[in-house]
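Visitor: I would like to go through this structure with some questions. Could you show it to me before we start?

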Amino acid sequence: MKIEASERLRGIGSYAFAEVDKKVEELKAKGITPIDFGVGDPSAPTPRLIRRAVAAGLERRKSSGYPSYIGELEFREAVAGWVERRYGLTVDPQKEISSTIGSKEAVFNFHEGIVDPGDIVLCPSPGYPPYTRGALFAEGVPYQVPIRKENGFLIDFSEIPEEVARKAKLMWLNYPNSPSGATADETFYREALDFAGKYDVIVASDEAYSEIYFGAAPISILNVQKEGVLVFNSLSKRSAMTGYRIGWVMGDPELVSVFRKVKTNIDSGTPSFIQDAAAAALSDEEHVEAFREEYRLKRDILCSALVAAGLEDCTPQAALYVWQKVPEGMSSLDFATLLLAEKIAIVTTPGNWISEPAAGGENAGEGYVRFALVPSIQDTRLAGERISALQL
Ligand SMILES: Cc1ncc(COP(=O)(O)O)c(C=O)c1O
């Protein structure tokens with residue numbers, strides 16, 4: 001029997017990480033363990049307080065039972081309490097919050113509830129792949145909006161053609177931004193919301209990195225407006241809980257209700273004992289502060305080494321990455337390959353591999369490499385020594 005994947009699936013290229021993987025394998029075969037800044041998965045252990053809460057939750061919930069799709073009320077109340085403390089905002093746990101199995105699934109699936117065939121979805125580029133992929137699977141049309149250093153990696157709404165804006169149904173924002181580490185202020189959010197209001201566009205704000213910041217705590221778009229807005233957040237990065245698969249959406253009750261309907265049809269709830277652990281995680285800020293300090297230290301070590309090597313200063317304000325401009329005359333892949341040389345052995349992600357070309361062909365990720373600040377402080381120091389010895 002000839003098995004053929006759907007046209008939709010075939011249309012999606014596989015990630016082009018093979019070349020880097022091959023080089024990494026070659027290094028390993030020579031007995032060299034590269035320092036891996038490739039994938040943004042926190043390597044620190046999930047705090048003990050959270051692990052203990054899972055164990056207690058397992059006992060408390062001896063009978064398995066399907067978990068609540070929208071999240072136990074206790075979990076939703078814990079989210080509402082945290083949002084009140086963190087942003088000074090009131091969100092109603094009954095109508096304005098739903099749990100998610102982490103943001104990825106929620107981001108991807110949300111399109112199913114909003115996008116009709118042919119609707120345009122505005123996606124920042126570079127940007128998190130499920131914005132584009134979710135739009136495509138819902139038979140929408142992703143439109144890539146390049147974000148660039150000269151605009152502080154904020155979207156320039158004047159660049160979006162009128163006919164595109166009129167056909168747009170949904171727009172993704174992502175601040176603190178991955179991969180650039182840029183943050184958005186009230187002025188930017190007002191601009192975004194004015195644009196969305198003018199063209200009747202729903203705003204989906206991915207705030208997954210809201211707690212990894214190095215200056216003042218960034219605001220949420222909900223500090224500016226709730227109507228027509230759905231925020232996606234998760235405990236993956238805040239509390240090093242990527243493996244637990246727990247997050248939430250919050251915002252306009254109509255959008256929360258659409259999300260809940262999609263969710264009950266597509267996936268399931270996060271296990272209740274994980275929801276217990278998430279509530280415990282939200283009750284503690286000490287571990288979050290400690291993570292922030294660790295990321296700050298790693299950021300400073302790496303960025304000063306890059307500057308010492310002669311590269312442009314790209315020190316981020318937030319998030320888990322250093323989005324580094326490559327040396328003049330080199331491509332993203334050239335620089336990532338140079339860093340993989342035997343004596344350096346540092347893995348990064350070439351920027352053009354994590355961004356999609358915009359309408360005019362521009363790939364805003366070209367000319368950058370991404371360092372995810374996930375190796376230990378000791379390995380980051382070692383990487384810093386190797387990088388600062390380079391003369392670029
Ligand atoms: C920009 C952005 N949004 C959302 C997520 C999703 O995280 P999770 O599904 O673990 O909540 C990630 C993960 O890397 C991300 O980089």
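Visitor: In which strand is the place of Asp 206?
Guide: This is a predicted model, and the answer is read from its strands. Strand β6 covers residues 202-206, and Asp 206 has its place there. The strand asked for is β6.

Visitor: Does Asp 206 count as buried or exposed?
Guide: Buried means under 20% relative accessible area. Asp 206 has 5% relative accessibility, so Asp 206 counts as buried.

Visitor: What distance separates the C-alpha atoms of Asp 206 and Phe 232?
Guide: Along the chain, Asp 206 and Phe 232 are 26 residues apart. In space, their C-alpha atoms are separated by 4.8 Å.

Visitor: Which residues come nearest to the ligand?
Guide: There are 13 residues around the ligand. By class, this shell has 3 nonpolar, 6 polar and 4 charged residues. Those that come nearest are Ser 103, Asp 206, Ser 234, Ser 236 and Arg 245.

Visitor: Which helices each supply at least two residues of the shell around the ligand?
Guide: One of them covers residues 103-114 and another covers 235-238. The helices are α5 and α9.

Visitor: How much of the accessible area of the ligand does the protein cover?
Guide: Take some polar contacts to oxygen atoms of the ligand. A polar side-chain atom lies 2.6 Å away for Ser 236 and 2.8 Å away for Lys 237, while a polar backbone atom of Ser 103 is at 2.7 Å. On its own, the ligand has 400 Å² of accessible area, and the part covered by the protein is 90%.

Visitor: Is Ser 234 buried or exposed?
Guide: Ser 234 lies in strand β7, residues 229-234. A polar atom of its side chain is 3.0 Å from the backbone nitrogen of Ser 236. The relative accessible area of Ser 234 is 4%, and the limit for buried is under 20%, so Ser 234 is buried.

Visitor: What is the peptide bond from Ser 125 to Pro 126, cis or trans?
Guide: Pro 126 is found in the loop between β3 and α6. Omega for the bond from Ser 125 to Pro 126 is near 0°, and the bond is cis.

Visitor: What is the phi of Ala 345?
Guide: Ala 345 has its place in the loop between α13 and β10. Its relative accessible area is 0%, so Ala 345 is buried. Although Ala 345 is not a glycine, its phi is positive, at about 50°.

Conventions. Residues numbered from 1 in each chain as written. Predicted model: local features only at pLDDT ≥ 70, side-chain atom pairs only at ≥ 80, totals over all residues. Heavy atoms only, no water. Near = heavy atom within 4 Å. Polar contact = N/O pair within 3.5 Å; in protein donor to acceptor, adjacent residues only side chain to side chain. Areas by Shrake-Rupley, 256 points an atom, 1.4 Å probe, with all protein chains shown as cover. Helix = DSSP H or I, 4+ residues; strand = E, 2+ residues; numbered from the N terminus. Nonpolar A, V, L, I, M, F, W, Y, C, P; charged D, E, K, R; others polar. Buried < 20%, exposed > 50% of the residue type's maximum accessible area, 1.4 Å probe, protein only.
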